[in-house]
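Me: I am new to this structure and would like to understand the words used to describe it. Please take me through them with care.

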Amino acid sequence: MKKYCFGIDVGGTTVKCGLFDVNGEVLDKWEIVTRSENNGVQILPDIAETIAAKISERGLNKEEIAGIGIGVPGPVTEEGDVQKAVNLHWDTIIPLKKQMEELTGLPVMGGNDANVAALGEMWRGGGRGSKNVVMVTLGTGVGGGIIQDGKIVNGANGAGGEIGHIHVTDSLTKPCNCGNTGCLEQLASATGITFLANRKLAEDQRDSLLRNGEVSAKTVFDAVKEGDALALEVAEEFGRYLGVALATVACVTNPEVIVIGGGVSKAGPILLTFIEKYYQKYTFHACRGARFALAELGNDAGIYGAAKMLLP
């Protein structure tokens, strides 16, 4: 009978690791350094080594372990192959599932980190109790994950849920990191909010709290909470771009819950008011019942979701 599983979230700086029981309770959490030099050749062996060490430390029987779930920052196919992961310096196809199973002797399932985080939030976080969830993470970029009937939507090449690269405007000339222009990520990420604020400050000479120091997504929403008129206009613009994009996604996926996570979500419930307003305005009438929620698992969403890939 299976009693345990491992959830692994591979980031550009650290690999977050979790040991779970099959009921979803985390029994142990730890991190190791992501050694991405030399095209990241050491990343998977390091993960296998730390899992072996934990099995030994805990005196676990391999027969009782359901397997290892792994989230990585890149598209992952249904077969468990990573197409490319720039942050890990993986610039060729990496047979993640095959290599990890050979290294550990345990079953392995892999997924894109944003999709896996969405699964974690569905299971134990802001989307708890629902099986149809859209999650957006607002950080340096905009990540996304779509869960349909409790399962990750991977798509043909593992690129399902790339919400940050929905085209939302023709007004930008500077390309996104993906090479296209006018992506949601350029306007709704922490970096995008800063761009919108600086552009507004340059165009509008009104007094604003945003003129008192360095501009960031945090200072924008801090100023919003103080009723700063210029910051409110920036938040409206941000909310319109993200609300319209989510309205579009909802017309395809019809989610029960839309979860907002990432560093920008620390602004709290006020953030949701700007997004939901435009979502309600632009989405299909049958999709207006979607509930908005803030993510609850923080940096642990990835390990929870990775573990859930192995469990019913």
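Reply: What follows is a set of questions and answers on how some descriptive terms apply here. This is a predicted model, in which local features need pLDDT of at least 70 and side-chain atom pairs count only at pLDDT 80 or more, while totals for chains, interfaces and linings use all residues. Residues are numbered from 1 along each chain as its sequence is written, and side-chain values use heavy atoms, with hydrogens and water left out.

Me: Why is Asn115 called buried?
Reply: A residue is buried when its relative accessible area is under 20%, exposed when that area is over 50%, and partly exposed in between, using a 1.4 Å probe and protein chains only. Asn115 has 0% relative accessibility, and therefore counts as buried.

Me: What does Asn115 touch, leaving out residues up to four places away in sequence?
Reply: Contact means heavy atoms within 4.5 Å, and by that test Asn115 touches Gly144, Gly145, Ile146, Ile147, Ile152, Val153, Asn154, Gly160 and Gly161.

Me: Where is Asn115 found, and what makes that element mostly covered?
Reply: Asn115 is found in helix α4, where helices are DSSP runs (H or I, at least four residues) and strands are runs of E (at least two), numbered from the N terminus. Ten of the twelve residues of α4 are buried, among them Val116, Leu119, Met122 and Trp123.

Me: How do you know that the length of α4 agrees with what is expected?
Reply: The expected span of a helix is 1.5 Å times one less than its number of residues. For the twelve residues of α4 (residues 113-124) this should give 16 Å, and because the end C-alpha atoms are 16 Å apart, the two agree.

Me: What reaches the backbone nitrogen of Ala114 at the start of α4?
Reply: A side-chain oxygen of Asn112 comes to within 3.0 Å of that backbone nitrogen of Ala114.

Me: Why is Asn38 called exposed, whereas His89 is called partly exposed?
Reply: Asn38 has a relative accessible area of 62%, so Asn38 is exposed, whereas His89, at 43% relative accessibility, counts as partly exposed. Asn38 is found in helix α1 (residues 37-40), and His89 in the loop between β4 (65-72) and α3 (96-104).

Me: What is the phi of Asn38, and what is that of His89?
Reply: Most residues other than glycine have a negative phi. Phi of Asn38, however, is near 55°, a positive value, and phi of His89 is near 65°, a positive value too.

Me: How do the axes of α7 and α8 lie?
Reply: Axes are lines fitted to C-alpha atoms, for helices over the stretch in contact, and angles run from 0 to 180 degrees between N-to-C directions. On that basis, helix α7 (residues 217-225) and helix α8 (residues 229-253) have axes that come within 8 Å and cross at roughly 115°.

Me: Which classes of residue make up the contact of α7 with α8?
Reply: Ala, Val, Leu, Ile, Met, Phe, Trp, Tyr, Cys and Pro count as nonpolar, Asp, Glu, Lys and Arg as charged, and the others, Gly among them, as polar. Val220, Phe221, Ala223 and Val224 in α7 meet Ala231, Leu232, Val234, Ala235 and Phe238 in α8, a contact with nine nonpolar, no polar and no charged residues.

Technical notes:
A polar contact is a pair of N or O atoms within 3.5 Å; within protein, one must be able to donate a hydrogen and the other to accept it, and residues adjacent in sequence count only if both atoms are side-chain atoms.
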